Amino acid sequence: SDHMENICGYLMKYTNLVTGWQYRFFVLNNDAGLLEYFVNEQSRHMKPRGTLQLAGAVISPSDEDSHTFTVNAASGEQYKLRATDAKERQHWVSRLQICTQHHTEAIGKNNPPLKSRSFSLASQGSANSPGAQRRPSQNAVSFFNVGHHRLPTGKRVPIMQPDHLVDVREMMSQAEGQQRDLIRSIECLPASGHLTSLDQDLLMLKATSMATMNCLNDCFHILQLQHASQQKGSLPAGTTISWLEPKISLANHFKNGAAQNFPAEINKPASVREEQSIAEPCQLTREPEEINPDEELEDICDDKEDDLGAVEEQRSVILHLLSQLKLGMDLTRVVLPTFILEKRSLLEMYADFMSHPDLFIAITNGGSAEERMIRFVEYYLTSFHEGRKGAIAKKPYNPIIGETFHCSWRMPKSDVAADAATNSSAHSPSEQGTLPKDPEGQAEPDYYTVKFVAEQVSHHPPVSGFYAECVERKMCVNAHVWTKSKFLGMSIGVTMVGEGVLHLLEHGEEYTFSLPCAYARSILTVPWVELGGKVNINCAKTGYSASINFHTKPFYGGKLHRVTGEVKQNMTNTVVCRVQGEWNSVLEFTYSNGETKYVDLTKLSVTRKRVRPLEKQGPFESRRLWQHVTESLRDGDIDKATEHKRALEERQRNEERLRAETETPWCTKYFLKDGDGWVYHKPLWKTVSAAQTQQTDSN
């Protein structure tokens, strides 16, 4: 009781995307179990601007920073708040949690059970609501009647016995059938008229009915666990209880305007059964495979993502999905509809960042440390434009664990910018002696080869590792990226957590770099991609660094896709180069000597990557793995693409469940865990070092 004092003070409250964060005066009323806020302290004796009941609430410190926390009320309302520092946050969080616990326990002890009631859909709304006004003669009440069964008065619900689980499952199956009928009835409504399938109330009904069924399934799962625990006494570690029937899938309702099919296993296409029957990856060969670049052919695939048709047709599905999301929700485990997918895996998207290999190779040709840092910044800023396929924001496939992607580029040596001071010595015999010689004594090719490999090394959290190297120029880049996505209202934000390191072995230099955040904006109209955030590039050996800012567009005015940056010498704090422009249009580089260089990204030549034909790829290489989904999307068959995608995801879940039950760790193929990161198993810096050691020993 000593900690149950009323506290008050200023906190920042997140209002909306337009207004953002605002200072508000908050009061914790312990006696009433209320969190109230006012515009300022002077208005605290007036009516509060907002009030949250704390009974049943959840108080959650945020992992974004040490200042932010959320108050999630049992009603579904949420306050996102920010204190001035970590100490103040802890003070508020602890007091709120004590008050919440006190009033939650009081409700359980003192309040009688809630009475059952029977009501219709629109009885909860006001007769003055816009929906009621626009359809006085026919509304949702006259079309649907949702009722709750009454329990016999004066009787308590008996404790569920284990042998009653079958009866419960049967009742839930009936409820799921009724819920599917409800969804079909809504989706079969006309697209225009008094009551349509896009009616806001009906979209909300679809979302809440599905959420209810998912909640019931979760409760039933708990009963199953209790049943198993009573039978066995205790559950061994790693035990998984299977569902008697699959949980209701969100994807089952993504088709709008037609009845859904729930085919049996025998009715599935052969390709789907093949996807589900591929053996556990660790039971296949997990030994690293050496890909011969001569087997790769120039890629002829050119899937531009400029088609808005599917997005326009399925807008009600997007509305349906949005109705189930909350601001700040982590989207890592949310299954998104198939029609918003790109026709490539995220691993291949990382490869497309390397579409200007001439600029990549030219980095090591810089005659000085300053020039090499500037060349790296130029390459870095030009890589994002080609990484996007068209102007429409679509999402690449989420790689499944163990998925890999291989490709390479061939770059004529004459097309790579060289420095006069280093060009004559770049291919000297002494340097070439450290690399493996052609066993057949063939003439050296007139092109450079850049090889690329990526692997999905983790599923939760989703982490990808990728590596690229040019053996002839003794340079390579190794990176790992954890993609964290969040729902931001009318946008989706993706944070790229991780680090990359570029190794220039001829100079003994390492350049560490990070990646910007990405945002899918205007997801209800014409979705588009925006980059935002600050990234840093550092070279500890030379003392040069670069700071780059990707600017998001202000709400009013301002340019799209703006980027600014500067390269400086840390020892002298001297800026040697400034850059400004748009990362998908024109960049302007201004050097310390007054010279200016313009780079028009729309006119830069793109080198097509080389990929092995599908028939030569392994079963877990991206294009072969997702080939049926990609083909269905190209044909415009969203239902078929969804079925193939679901089969792959279900197989991944089954494999993950099996590994948990058998306590079998996942075996990566090309990347090894190194602290908090992942490193390619045979990086060029080890190969060159070993070759130099061998040459020294032979001499």
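In this predicted model, seven strands form an open sheet in which the pairing is antiparallel and the strands follow the order 4-3-2-1-7-6-5. The edges of this sheet are occupied by strand 4 (50-53) and strand 5 (58-61), each of which pairs on one side only. On average, and with direction ignored, neighbouring strands of the sheet are turned by 35° against each other. Within this order, strand 2 (residues 21-29) is joined to strand 3 (residues 34-38) by five bridges in the antiparallel sense, and N29 is found opposite L34 of strand 3.

A second set of pairings involves strand 12 (residues 447-458), which has partners in strand 11 and in strand 13. With strand 11 (residues 404-412), strand 12 shares nine bridges, and the two strands pair in the antiparallel sense; in this pairing, C407 has F452 of strand 12 as its bridge partner. With strand 13 (residues 463-470), strand 12 is likewise antiparallel, and the two are connected by seven bridges, while A454 stands opposite F466 of strand 13. The chain passes from strand 12 to strand 13 by way of a hairpin of four residues.

The surroundings of strand 12 can also be described in terms of accessibility. Of the 12 residues in this strand, 10 are buried, so that strand 12 is mostly covered, where buried means under 20% relative accessible area. In a regular strand, the side chains point alternately towards the two faces of the sheet.

Key:
Residues are numbered from 1 along each chain as its sequence is written. This is a predicted model: local features need pLDDT of at least 70, side-chain atom pairs count only at pLDDT 80 or more; totals for chains, interfaces and linings use all residues. Side-chain values use heavy atoms; hydrogens and water are left out. Buried means under 20% relative accessible area, exposed over 50%, partly exposed in between (1.4 Å probe, protein chains only). Two strands pair if DSSP finds at least two bridges between them. Axes are lines fitted to C-alpha atoms, for helices over the stretch in contact, and angles run from 0 to 180 degrees between N-to-C directions.
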